[in-house]
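Colleague: I have a few labels to check with you. Show me the model, and then tell me what stands behind each word.

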Amino acid sequence: METGHGTKYRQLHIEDYLRMVSAEQKEQAGVYAQGRITGNPDTNTDFWMDNLLDTILRSDNLNAAYKKVKANKGAGGIDGMQVDELLPYLREHQGELVRQVREGKYKPNPVRRVEIPKEEKDKVRKLGIPTVVDRVIQQAIAQELTPIYEEQFSDNSFGFRPGRSAHDALERCRKYINEGYIYAVSMDLQTYFDTVNHSKLIEVLSRTVKDGRVISLIHKYLNAGIMEDGGFQETTEGVQQGSPLSPLCGNVMLNELDKELERRGHKYVRYADDCLILCKSRKSAERTLENIVPFITRKLFLKVNLQKTTISHISKIKYLGYGFYRYKGKCRMRVHPKSVAKMKNQLRELTIRGNKWSNSEREEKLRSYVNGWINYYRYADMKSLMEQTDKWLRHRIRAVYWKQWKKVRTRYKMLRALYLSERKVHEMANCRKGVWRAAAMLNSALTKTIIVDRLGYPCMSAHYLKSRVNY
């Protein structure tokens, strides 16, 4: 089995380990026949801007869009078609599909409503899942519009942009904080993606996109509607999260806010709709908030959640899961306490004793989650946090195994195979303590070496020390 680091190891779970002790003692086909996928032509010339739909419907662009949708996988829309069924459908209907889009006769399907839980209790994020065919067309539009708008977007915008990441946004925050901007306006746009004004968005898009057919097609997607609980709902505002076009449309709209902030000379960082405006004093931050809210509400027709919009010293804010603090006059980053709590809750879910997973499945899920989490938070100072979490996590893993050894004779068998003395085996096998307290006794039997090296469970502190980024 390949680990995340590319090294091969034999995955030995506790039963395999004990038996060992006893014995010793892409699919490459394209959708469209014409042409290979090549780099985009010069989309900035007047010809391509006036004939943008023809550029979008090029065979190489549609091929690239199909492959992107295929790679992203994801669930199907209201028609039930899955990504795996997309290739044969497009091979049969490609000509008709392209003709309908070119002639303006194509009608997008409503999106399928899906709700996923948010960090706040009892709050959900509403997603709209387009059909896989609509995803291909939207992806083709996004691929051609992205390089056009990349030239217009601010250098302080980082969300959903090629070659930019959350880590880049955090590094920009750190740069401004080191320059003395130590008070932050943490802007909260209320349900941003669900409240984007269609007329304003179309107006902003039309300043750049001169091909009316493309504007009309985007407008159709915005107004496609939602299927929820078997009923149809019109969409008079908002861009549906879950569609390939929504990140680009979201950035196009908020680029207007970026321009205004830059015109006023503010230091700010924006990742999608998470905007942080940095100031040198609390009074300056208060003035900034007071003056920028009218622009957002009256010019962009967006809603600012004033209850969640805060003005704080940088040591008290949370941005993209990170917190900030100053050490020896320099800004450093840590994992925000809310992010720590969320991580521990996830680890609890993965180590619940009654979820009926096999030990190998549990180890694989834990390793995948831990690797992803540490790779994201590798810029934070968290050595001691990882060491503490490791001890707690191994305690939970021991509790899982103790629960599995519920019969006394099974405990005798397993503990003897771990080379414990007979007196210790007898004492632990007949333990009548609760699972959590009994798991603490297993510390001398199921050691860190066995859990990490033999059984393959992750060691968070070791992975962090390999991955951490020093600055």
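Colleague: What makes the contact of Glu179 and Lys175 a salt bridge?

Modeller: The side chains of Glu179 and Lys175 come to 3.0 Å, N to O. A salt bridge is a side-chain nitrogen of Lys or Arg within 4 Å of a carboxyl oxygen of Asp or Glu. The 3.0 Å of Glu179 and Lys175 is within 4 Å, so the pair qualifies. In general, side chains of opposite charge can pair when their charged atoms come close.

Colleague: What kind of model is this, and how are residues numbered?

Modeller: This is a predicted model, in which local features need pLDDT of at least 70, side-chain atom pairs count only at pLDDT 80 or more, and totals for chains, interfaces and linings use all residues. Residues are numbered from 1 along each chain as its sequence is written, and side-chain values use heavy atoms, with hydrogens and water left out.

Colleague: Why is Lys175 called partly exposed?

Modeller: Its relative accessible area is 41%. Buried means under 20%, exposed means over 50%, and partly exposed is in between (1.4 Å probe, protein chains only). Lys175 at 41% falls in between, so it is partly exposed. Its partner Glu179, at 38%, is partly exposed too.

Colleague: Where is Lys175, and how far is it from Cys331?

Modeller: Lys175 is in helix H7, residues 166–178. Helices (H or I, at least four residues) and strands (E, at least two) are DSSP runs, numbered from the N terminus. Lys175 and Cys331 are 156 residues apart in sequence, and their C-alpha atoms are 8.1 Å apart.

Colleague: How do you know that Arg416 and Glu422 form a salt bridge?

Modeller: Their closest N and O atoms are 2.7 Å apart. That is within the cut-off, so the pair counts. Arg416 has 41% relative accessibility and is partly exposed. Glu422 is partly exposed at 44%.

Colleague: What joins Lys200, Glu203, Arg207, Glu256 and Lys259 into one network?

Modeller: Salt bridges that share partners join these five residues.

Colleague: What makes Glu103 and Arg99 a salt bridge?

Modeller: The closest N and O atoms of Glu103 and Arg99 are 3.3 Å apart. That also passes the cut-off, so this is a salt bridge. Glu103 has a relative accessible area of 44%, and Arg99 has 38%. Both values lie between the buried and exposed limits, so both residues are partly exposed. A search of the whole structure finds 24 salt bridges.

Colleague: Which charged residue is buried without a salt bridge?

Modeller: Arg362 is one, and its nearest side chain of opposite charge, Glu361, is 8.1 Å away. For charge, Lys and Arg count as positive and Asp and Glu as negative; His and the chain ends are not counted. Arg362 lies in helix H14.

Colleague: What makes the pair of Arg362 and Asn355 a polar contact?

Modeller: Their side chains meet at 2.8 Å. A polar contact is a pair of N or O atoms within 3.5 Å; within protein, one must be able to donate a hydrogen and the other to accept it, and residues adjacent in sequence count only if both atoms are side-chain atoms. The 2.8 Å contact is within 3.5 Å, so the distance fits.

Colleague: Which residues make the patch of positive charge on the surface?

Modeller: Arg353, Lys403, Lys406, Lys407 and Arg409 gather there. Patch residues have over 30% relative accessible area and no salt bridge; like charges are joined within 9 Å, nonpolar side chains (Val, Leu, Ile, Met, Phe, Trp, Tyr) within 5 Å. The place of a charge is NZ of Lys, CZ of Arg, CG of Asp or CD of Glu. Arg353 has 36% relative accessibility, so it passes the area limit. It sits in the loop between helix H13 (337–350) and helix H14 (359–376).

Colleague: Why is Lys356 called exposed?

Modeller: Its relative accessibility is 81%, which is over 50%, so it is exposed. Lys356 is in the loop between H13 and H14. It has a positive phi of about 65° although it is not a glycine.

Colleague: Why is Ala272 called buried?

Modeller: Its relative accessible area is 9%, under 20%, so Ala272 is buried. Ala272 is in the loop between strand E6 (267–271) and strand E7 (274–279). Its phi is positive, about 55°, although it is not a glycine.

Technical notes
Accessible areas come from the Shrake-Rupley method with a 1.4 Å probe; for residues, only the protein chains shown count as cover.
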